[in-house]
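Student: Got a minute to walk through this one with me? I'd like to go loop by loop and then look at the strands.
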Amino acid sequence: MSENTDDLEQSVMLAAAAADLREYEEAESRLPELKHDPVPVETSRKSYYTETRFSDQERDNNVCTVTNRKETNADSHSRGQARQSTSNKRSREDSDDSDSHPHKKAALIKEVSIGTSHAEVVATHYNLIEEKGLQERSKSRVIHLRNFHNWIKSMLINEYLTKIRDSKKQHNPPIRVHDMCCGKGGDLSKWRIGNISHLICSDIAEMALEDCKNRYASYVKQRSRNDRGWGSNNIFSMEVVHGDGGKVRYREKFKDPSIKLDLVSCQFAFHYSFESLPQANCWFKNVSECLQAGGYFIGTMVDSNEIIARYRKSETDSFGNNVFEVRELNFDAAKPPLFGGKYNFELFGIINCPEFLVHFPTFEKLGKKYGLKLVKKEKFWNFFERMKDEGKQLLTNMGALESYPPTEGKTLVGNDGDDYTHAKEFLKNQNGDDGCCGTLSKSEWEASSLYLTFAFQKVKNTWNADGTPCYDI
Ligand SMILES: C[S@@+](CC[C@H](N)C(=O)[O-])C[C@H]1O[C@@H](n2cnc3c(N)ncnc32)[C@H](O)[C@@H]1O
């Protein structure tokens, strides 16, 4: 698309979206409710952590895998109190370059220090993240938050794979998926459990993709060692595509550019796309191009209403708590931009990156342009409410909620004062103080409630006289 067309499109969008900015206002008025409702559910003391659990390998694969290479758990605990210098430059300098991919990593650091695009800063950040073992990760202050987010992804993926499977008349139909912004392949086990046939994994972070390939190879190896572990199904085939989703046409890099995909999944990443309209267009083109009519585009991303609402409430130019911080909000909160609304998001010890506001009505409009019809948008809280009964066993298996009060020998990850008031209240109302529930600490919930899930369905197109596709949405 030419720059002039982009300018025109952007000005039309700006005009159309001006009215939609009231969404931000509404979110602000709902803020107290959103911030203090950290998902307690009743559990029995006995069952928590004692029932069927994933094997270590299984849980390992289900845990979101982002931890800065140099950062220790002690660091991540103390970050909330004593904020370090958190610029990307500093975290690059601090990063341990001694483990895998040393040459590539050194080259990357050099490249980024010359001063490059935000996308490259993000790529470098994710390239430098080291995968920690299960034991190390289980000590993290945000272990339940991460497990909870994995539970959300598992439930979302399962929901849409089921719809896809139900819509096909065949028994055991082939299902082809594109995991866009797959990172190290944290969702590979979900694709395996979902019994898909082919997976395309794409990401801007080359070394994360290497880890993803290695993880896949270990699955294949494990399968050939122990066929029982995978049931009678073969593991899906996989290909990997490297590139910036906002610049590269992924289709041209697919082994089969004519592939018809059933599902595109983009988890915790679309908030990197709204730097500019051309970039967002390119991301959407990558999502939609190979998705067949009836197929779905699903994902999780930051809810920019939450960012704006909390920023407006904040008396400083940042907000957060002892597990996360949003800062350097590089725009006027009274008039947030549709594109390029940059801020820095840090989940202490795990993520520290620039992100961009994704104004949802604009996101939805762009989807329409690419033949994608919004079918669902839910805040994490609403998603949890809808899915908690169906996913109760998985919540336990994945350790997605923390037991309150803690089971014997365990200590709470948060502060027993403020962080669990909601759980105490919940138990008081349920059982008169005696009992046990699963929850997230308030600080973790304040981070988790920044996110939403979305799902689009690709619609059939007709053709305009000039040969462009036309969607009736
Ligand atoms: C928070 S991680 C999520 C990884 C994975 N989807 C998950 O849920 O565990 C975000 C991922 O988005 C990728 N990413 C960010 N900007 C990108 C871009 N412009 N093009 C492609 N990938 C990008 C990062 O490299 C990173 O792997």
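Student: Which loop is Pro405 found in?

Tutor: Pro405 is in the loop between strand 12 (402-404) and helix 18 (421-431). Helices (H or I, at least four residues) and strands (E, at least two) are DSSP runs, numbered from the N terminus. Keep in mind that this is a predicted model: local features need pLDDT of at least 70, side-chain atom pairs count only at pLDDT 80 or more, and totals for chains, interfaces and linings use all residues. Residues are numbered from 1 along each chain as its sequence is written.

Student: And the peptide bond from Tyr404 to Pro405, cis or trans?

Tutor: Cis, with omega near -5°. In general, most peptide bonds are trans, and most residues other than glycine have a negative phi.

Student: What's phi at Cys181, then?

Tutor: Positive, about 65°, although Cys181 is not a glycine. Cys181 sits in the loop between strand 2 and helix 11 (188-193).

Student: Is Cys181 buried or exposed?

Tutor: Buried, because 23 other C-beta atoms lie within 10 Å. The cut-offs, with C-beta atoms placed from the backbone: 20 or more other C-beta atoms within 10 Å of a residue's own is buried, 12 or fewer is exposed, and in between is partly exposed.

Student: What about Phe268, where does that lie?

Tutor: In the loop between strand 5 (261-267) and helix 13 (277-288). Phe268 has a positive phi too, near 55°. Phe268 counts as buried because it has 20 other C-beta atoms within 10 Å.

Student: Switching to the ligand: which residues are closest?

Tutor: Cys181, Gly183, Gly186, Gly245 and Gln267, out of 21 that surround the ligand. A residue is near a molecule or strand if its C-beta atom, placed from the backbone, lies within 6 Å of it.

Student: Which helix gives the most to that shell?

Tutor: Helix 8 (residues 118-127), with four residues. By type, the shell divides into 14 nonpolar, five polar and two charged. Here Ala, Val, Leu, Ile, Met, Phe, Trp, Tyr, Cys and Pro count as nonpolar, Asp, Glu, Lys and Arg as charged, and the others, Gly among them, as polar.

Student: Back to helix 13. How many of its twelve residues are buried?

Tutor: Nine, so helix 13 is mostly covered. Among them are Leu277, Trp283 and Phe284.

Student: What span should helix 13 have?

Tutor: At 1.5 Å a residue, its twelve residues should span 16 Å, and the end C-alpha atoms are 16 Å apart, which agrees. The expected span is 1.5 Å times one less than the number of residues.

Student: OK, sheets. What's the strand order in the open one?

Tutor: It has seven strands, in the order 4-3-2-5-6-14-11, with mixed pairing. Strand 4 (237-242) and strand 11 (372-379) are the edges, each pairing on one side only. Two strands pair if DSSP finds at least two bridges between them.

Student: In what sense do strand 2 and strand 3 pair?

Tutor: Parallel, over five bridges between residues 176-180 and residues 198-203. One bridge joins His178 to Ile200 in strand 3.

Student: And strand 9, how does it run against strand 10?

Tutor: Antiparallel, with six bridges joining strand 9 to strand 10 (residues 351-356). Leu347 has Ile351 as its bridge partner in strand 10. Their hairpin has three residues between the strands, and Gly349 there takes a positive phi near 80°.
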